[in-house]
Amino acid sequence: MTPQLLAEVNQREAGWIGFAMVPAAVVSALLARRVLYLISFLLLSVFVGIEPVFVALFLIFGTVGQLFIQISMSNAISRTLSKEQTGVGMGLFSMVGFLSGAVSTGIYSKAVDYGAATYWIPWNPYANAAVFSNIYLALIVMTALILVIFRYFFSKETVTNIHKG
């Protein structure tokens with residue numbers, strides 16, 4: 001969704017959009033330690049429409065957070081499944097990841113096509129970026145909910161009970 005934001009709101013060309021996304025990829029490869037997804041979505045939601053250099057910096061948090069979440073989920077899958085089922089489970093996890101990426105891209109694109117009548121964060125001065133701000137805010141809520149559910153179902157006690165039972 002971010003490349004679409006930079007193209008539509010900031011009128012940037014594909015080369016500049018790719019360049020803006022490089023720092024996030026580099027830092028995520030180096031750090032990958034903490035969940036920073038929520039910070040990224042919050043910054044993008046509040047400051048959507050600002051210069052692409054800041055968007056590039058905000059993406060660093062999101063990319064590192066996404067990588068951390070994927071590592072945690074892979075770890076949880078490998079620990080909860082038996083050795084015989086781990087290969088199939090990891091394959092299914094990868095397939096679901098690819099499918100959800102494709103479906104979410106379609107949903108985001110449709111939301112951008114529809115636009116937004118109001119800002120959910122009213123103090124953002126960029127009227128032409130309201131739909132992006134609203135989408136990022138919705139992603140904050142969904143990510144927080146997913147993290148709470150994941151933490152509940154994969155707490156140390158729950159994982160211990162799965163292995164016992």
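Here are three short exercises, with worked solutions, on a predicted model.

**Exercise 1: Met-95**

Work out where Met-95 sits, whether Met-95 is buried, partly exposed or exposed, and which patch it belongs to.

*Solution.*
- Step 1: find the helix. Met-95 lies in α5, which runs over residues 83–114.
- Step 2: check the accessibility. Buried means under 20% and exposed means over 50%, with partly exposed in between. Met-95 has 45% relative accessibility, so it counts as partly exposed.
- Step 3: look at the company it keeps. Met-95 joins Leu-92, Val-96 and Leu-99 in a nonpolar surface patch, and together they have about 370 Å² of accessible area.

**Exercise 2: Ser-40**

Decide whether Ser-40 is buried or exposed, then find what Ser-40 touches.

*Solution.*
- Step 1: place the residue. Ser-40 is part of helix α3.
- Step 2: apply the cut-off. Buried means under 20%. Ser-40 has 1% relative accessibility, so it counts as buried.
- Step 3: list the contacts. Skipping residues up to four places away in sequence, Ser-40 touches Phe-58, Leu-59, Phe-61 and Gly-62.
- Step 4: zoom in on Gly-62. Its backbone nitrogen is 3.3 Å from a polar atom of the Ser-40 side chain.

**Exercise 3: the core**

How many residues does the largest nonpolar core have, and which helices each supply at least two of them?

*Solution.*
- Step 1: count. The largest nonpolar core has 30 residues.
- Step 2: name the helices. At least two residues each come from α1 (2–8), α2 (14–30), α3 (37–46), α4 (52–80) and α6 (130–153).
- Step 3: pick out the best-connected members. Val-55 and Leu-44 are among the residues with the most contacts inside the core.
- Step 4: follow Val-55. Leaving aside neighbours within four places in sequence, Val-55 is in contact with Thr-2, Leu-6, Leu-44 and Ile-50.

Conventions: Residues are numbered from 1 along each chain as its sequence is written. This is a predicted model: local features need pLDDT of at least 70, side-chain atom pairs count only at pLDDT 80 or more; totals for chains, interfaces and linings use all residues. Side-chain values use heavy atoms; hydrogens and water are left out. Patches are made of residues with over 30% relative accessible area and no salt bridge: like charges are joined within 9 Å, nonpolar side chains (Val, Leu, Ile, Met, Phe, Trp, Tyr) within 5 Å. Accessible areas come from the Shrake-Rupley method with a 1.4 Å probe; for residues, only the protein chains shown count as cover. A salt bridge is a side-chain nitrogen of Lys or Arg within 4 Å of a carboxyl oxygen of Asp or Glu. Helices (H or I, at least four residues) and strands (E, at least two) are DSSP runs, numbered from the N terminus. Buried means under 20% relative accessible area, exposed over 50%, partly exposed in between (1.4 Å probe, protein chains only). A nonpolar core is a set of buried Ala, Val, Leu, Ile, Met, Phe, Trp, Tyr and Cys residues joined through side-chain atoms within 4.5 Å. Contact means heavy atoms within 4.5 Å. A polar contact is a pair of N or O atoms within 3.5 Å; within protein, one must be able to donate a hydrogen and the other to accept it, and residues adjacent in sequence count only if both atoms are side-chain atoms.
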